[in-house]
Amino acid sequence: MDAIISVRGLTHVYSPNTPFEQVAIKDINLDIYKGEIIGVIGHTGSGKSTLISHLNGLIKPAAGTVTFNGENIWKSKEFTHSIRFKVGLVFQYPEYQLFEETVYRDIAFGPTNMGLKEDEIRGRVADAIRFVGLKPDILEKSPFSLSGGQKRRVAIAGVIAMMPDVLILDEPTAGLDPRGRADIINHVKAYNKSTGLSVVLVTHNMEDIAQTVDRIIVLKKGEIMMTGGTSEVFSRGKELEAAGLAVPQITQVANRLFDAGLNISTSVYTVEQLKNELLSLGGARK
């Protein structure tokens, strides 16, 4: 399968040739495939935000390449500009970027800049609102009158309305209560399933990662520390903790049970998986 986004030898240096020079990411290689949900995790300062800012051309590499469907995203100014509609990036706390008088106009801002006709813009706004779980009557309200969770969903809808091939979410549940976090994650999964488009989820919340992604990339000091399927990565809990990261609470429970002498897998990361492990022990005793 061909990757929709390929990164090869990607390196970025802030303030080069000055006393403040800092290598933010170094020699990153990764592929993103159509339809998958990838989780990107790492301690603060590991390079997560720098990495994703390269994926839609917000930052130009110091070295290495980023390609979209096999084409270098920096091959021309026009192509780089077009990539920002094809690879949609939702920054952390995107609700602070809302600025229009109505929710409709905020969500329609991206499609309008794409030069679409009004009928298509209306359709995209309606679809985007549905994807994020908001009702149409919210469209004529001021975005500043909404709750924090509603603002977050409106901001995400503004990117979804551009119908990007890849949706990148930087800490989409930061600062939300448990219900708000669950709503965002459920809508992200539903969006991925119904559209078949790719999602990149950057988060510190291991429960969000455990519930959502197919594959995880772990960054440490600007380099890829490990990558693999969700169960594979979480089975290496000791290495993650050494890198300043946690594992899901269910995985922590499984590790403690294993250390206490129970013969169960330490790669579990959902309640259902742990339940099945414990039930299998009961069956073994019988």
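Colleague: What makes strand 7 and strand 8 a pair, and in which direction do they run?

Modeller: Five bridges join strand 7 to strand 8 in this predicted model, and the two strands run parallel. A pair needs at least two bridges, so these strands qualify as partners. Strand 7 covers residues 166-170, and one of its residues, L167, stands opposite V199 in strand 8.

Colleague: Which other strand is joined to strand 8?

Modeller: Strand 3, which consists of residues 37-42, is joined to strand 8 by four bridges and also runs parallel to strand 8. Within this pairing, G39 has L201 of strand 8 as its bridge partner.

Colleague: Why is strand 8 described as largely enclosed?

Modeller: A residue counts as buried when its relative accessible area is under 20%, and five of the five residues of strand 8, residues 198-202, meet that condition, so the strand is largely enclosed by the rest of the structure. In a regular strand the side chains alternate between the two faces of the sheet. In strand 8, S198, V200 and V202 are buried on one side, while V199 and L201 are buried on the other, and both faces are therefore covered.

Colleague: What makes helix 1 a largely enclosed element?

Modeller: Seven of the eight residues of helix 1, residues 48-55, are buried, so the helix is largely enclosed by the rest of the structure. The buried residues are K48, T50, L51, I52, S53, H54 and L55. After helix 1 comes G57, whose phi is positive, near 80°.

Colleague: Why is V159 called buried?

Modeller: The relative accessibility of V159 is 10%, and since the limit for a buried residue is under 20%, V159 falls within that class. V159 belongs to helix 5, and its contacts, leaving aside neighbours within four places in sequence, are with G88, L89, V90, P164 and L167. The last of these, L167, is the residue that stands opposite V199 in strand 8.

Colleague: How far is V159 from I264, in sequence and in space?

Modeller: V159 and I264 are separated by 105 residues in sequence, and their C-alpha atoms lie 42 Å apart in space.

Colleague: What is notable about phi of M163 and phi of E171?

Modeller: Both have a positive phi in a residue other than glycine, near 55° for M163 and near 50° for E171. M163 lies in the loop between helix 5, residues 148-160, and strand 7, whereas E171 lies in the loop between strand 7 and helix 6, residues 178-195.

Colleague: Is M163 buried or exposed, and is E171 buried or exposed?

Modeller: M163 has a relative accessible area of 52%, and since exposed means over 50%, M163 is exposed. E171 has a relative accessible area of 6%, which is under 20%, so E171 is buried.

Colleague: What is the order of the open sheet of four strands, and what is its pairing?

Modeller: The order is 2-1-4-5, with antiparallel pairing. Strand 2 (22-32) and strand 5 (71-72) stand at the edges, and because each has a single partner strand, one side of each is left without a neighbour in the sheet.

Colleague: How many bridges join strand 1 to strand 2, and how many join strand 1 to strand 4?

Modeller: Seven bridges join strand 1, residues 5-14, to strand 2, with H12 opposite I25. Five bridges join strand 1 to strand 4, residues 63-68, with R8 opposite T65.

Colleague: How do you know that strand 4 and strand 5 pair?

Modeller: Two bridges join them, and since a pair requires at least two, the condition is met. F68 stands opposite E71 in strand 5, and the two strands form a hairpin with two residues between them, where N69 in the turn has a positive phi of about 50°.

Colleague: How many helices and strands are there in the protein chain, and why is the chain called compact?

Modeller: The protein chain has eleven helices and ten strands. Its radius of gyration is 20 Å, close to the 19 Å that the globule rule gives for 286 residues, so the chain is as compact as a globular protein of that length. Along its principal axes the C-alpha trace spans about 65 × 50 × 40 Å, and 49% of the residues count as buried.

Definitions and conventions: Residues are numbered from 1 along each chain as its sequence is written. This is a predicted model: local features need pLDDT of at least 70, side-chain atom pairs count only at pLDDT 80 or more; totals for chains, interfaces and linings use all residues. Side-chain values use heavy atoms; hydrogens and water are left out. The radius of gyration is taken over C-alpha atoms; the globule rule is 2.2 Å times the number of residues to the power 0.38. Buried means under 20% relative accessible area, exposed over 50%, partly exposed in between (1.4 Å probe, protein chains only). Contact means heavy atoms within 4.5 Å.
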